Amino acid sequence: QVQLVESGGGLVQTGGSLRLSCAASKRTFVPYAMGWFRQAPGKEREFVSAISRSGGTTLYADSVKGRFTISRDIAKNTVYLQMNGLKPEDTAVYYCARSITSNIGDKTYEYDYWGQGTQVTVSS
C-alpha cells in the first residue's frame with residue numbers, strides 16, 4: 001500500500017506561517033495528482049488545495065486562496081503546502097491524499113490514499 005506521511009504542523013500565532021510536507025513511500029514510482037484537506041473538531045473534512053501530476057495545475061479553496069501555496073518536488077516524491085497569514089479558523093488536522101487519477105478535484109471520494117494528518121493550531 002501507499003504510505004503518506006505529513007509533517008510540519010504546529011502552534012503559531014495569528015498571521016504566522018507554516019510549511020507542511022507530505023512524503024510518499026519510496027516504492028511509489030509514478031507521480032499522482034495530490035491534494036490537501038483539513039478537518040476541524042465537529043466539522044466534516046474539507047478541501048484545501050490540490051496539484052496535478054506535473055505541478056502545472058493547482059486548485060484552492062476560496063477560504064485559503066491568496067494565503068496558501070501548494071507545490072511539489074516530483075523527484076523527491078513530496079508535496080508541500082506553504083501557509084501564510086494564518087487565521088484561527090485555519091486550526092485543524094491537515095491531511096494529504098493521492099488522487100485516484102491524474103485529475104485534480106475538491107471531493108474526498110476523488111482520493112484513495114490518505115496520510116495520518118498533522119495538527120495545525122493558530123492562536124488568536
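## Buried arginines and salt bridges in an all-strand chain

Arg-72 is found in strand 7, which spans residues 68-73; strands (E, at least two residues) and helices (H or I, at least four) are DSSP runs, numbered from the N terminus. The model is a predicted one, in which local features need pLDDT of at least 70 and side-chain atom pairs count only at pLDDT 80 or more, while totals for chains, interfaces and linings use all residues. Residues are numbered from 1 along each chain as its sequence is written, and side-chain values use heavy atoms, with hydrogens and water left out.

**Surroundings of Arg-72**

Which side chain of opposite charge is nearest to Arg-72, and how far away is it? The nearest is that of Asp-73, at 8.2 Å, and Arg-72 is buried yet has no salt bridge. Here buried means under 20% relative accessible area, exposed means over 50%, and partly exposed lies in between (1.4 Å probe, protein chains only). A salt bridge is a side-chain nitrogen of Lys or Arg within 4 Å of a carboxyl oxygen of Asp or Glu. For the charges, Lys and Arg count as positive and Asp and Glu as negative, whereas His and the chain ends are not counted.

The side chain of Arg-72 does reach backbone oxygens: that of Tyr-32 at 2.7 Å, and that of Ser-52, which lies 2.8 Å from a polar atom of the arginine side chain. Such polar contacts are pairs of N or O atoms within 3.5 Å; within protein, one must be able to donate a hydrogen and the other to accept it, and residues adjacent in sequence count only if both atoms are side-chain atoms. Not counting residues up to four places away in sequence, Arg-72 touches several residues, among them Pro-31, Met-34, Ile-51, Gly-55, Thr-78 and Tyr-80, where contact means heavy atoms within 4.5 Å.

**Overall build and core**

The chain has zero helices and eleven strands. With 124 residues, a compact globule would have a radius of gyration near 14 Å, and the 13 Å of the chain agrees with this; the radius is taken over C-alpha atoms, and the globule rule is 2.2 Å times the number of residues to the power 0.38. Along the principal axes, the C-alpha atoms fill a box of roughly 40 × 25 × 25 Å. Of the 124 residues, 41% count as buried, and residues 24 or more positions apart account for 57% of the contacts with a separation of 6 or more.

The largest nonpolar core holds 29 residues, of which Trp-36, Phe-68, Leu-81, Met-83 and Tyr-94 touch the most other members. Strands that each supply at least two residues of this core include strand 4 (34-39), strand 7, strand 8 (78-83) and strand 9 (92-99). A nonpolar core is a set of buried Ala, Val, Leu, Ile, Met, Phe, Trp, Tyr and Cys residues joined through side-chain atoms within 4.5 Å.

**Salt bridges**

The count of salt bridges comes to five, and the table gives some of them.

| Pair | Closest N to O distance |
|---|---|
| Arg-38 and Glu-46 | 2.8 Å |
| Asp-90 and Arg-38 | 2.9 Å |
| Arg-98 and Asp-112 | 2.9 Å |

Arg-38 counts as buried because its relative accessibility is 4%, whereas Glu-46, with a relative accessible area of 29%, is partly exposed. Asp-90 lies in the loop between strand 8 and strand 9 and Arg-38 in strand 4, so this pair ties together parts that are 52 residues apart in sequence; both Asp-90 and Arg-38 are buried. Arg-98 lies in strand 9 and Asp-112 in strand 10, so their pair ties together parts that are 14 residues apart in sequence. Arg-98, at 11% relative accessibility, counts as buried, while Asp-112, with a relative accessible area of 32%, is partly exposed. Salt bridges that share partners join Arg-38, Glu-46, Arg-67 and Asp-90 into one network.

**Two loop residues**

Is Ser-54 buried or exposed? At 60% relative accessibility, Ser-54 counts as exposed, and this residue is found in the loop between strand 5 and strand 6 (58-60). A polar atom of the Ser-54 side chain lies 3.2 Å from the backbone nitrogen of Gly-56.

Thr-108, in the loop between strand 9 and strand 10 (111-114), counts as partly exposed at 37% relative accessibility. Not counting residues up to four places away in sequence, Thr-108 touches Phe-37, Arg-45 and Trp-114. The C-alpha atoms of Thr-108 and Gly-35 are separated by 9.4 Å, although the two residues are 73 residues apart along the chain.
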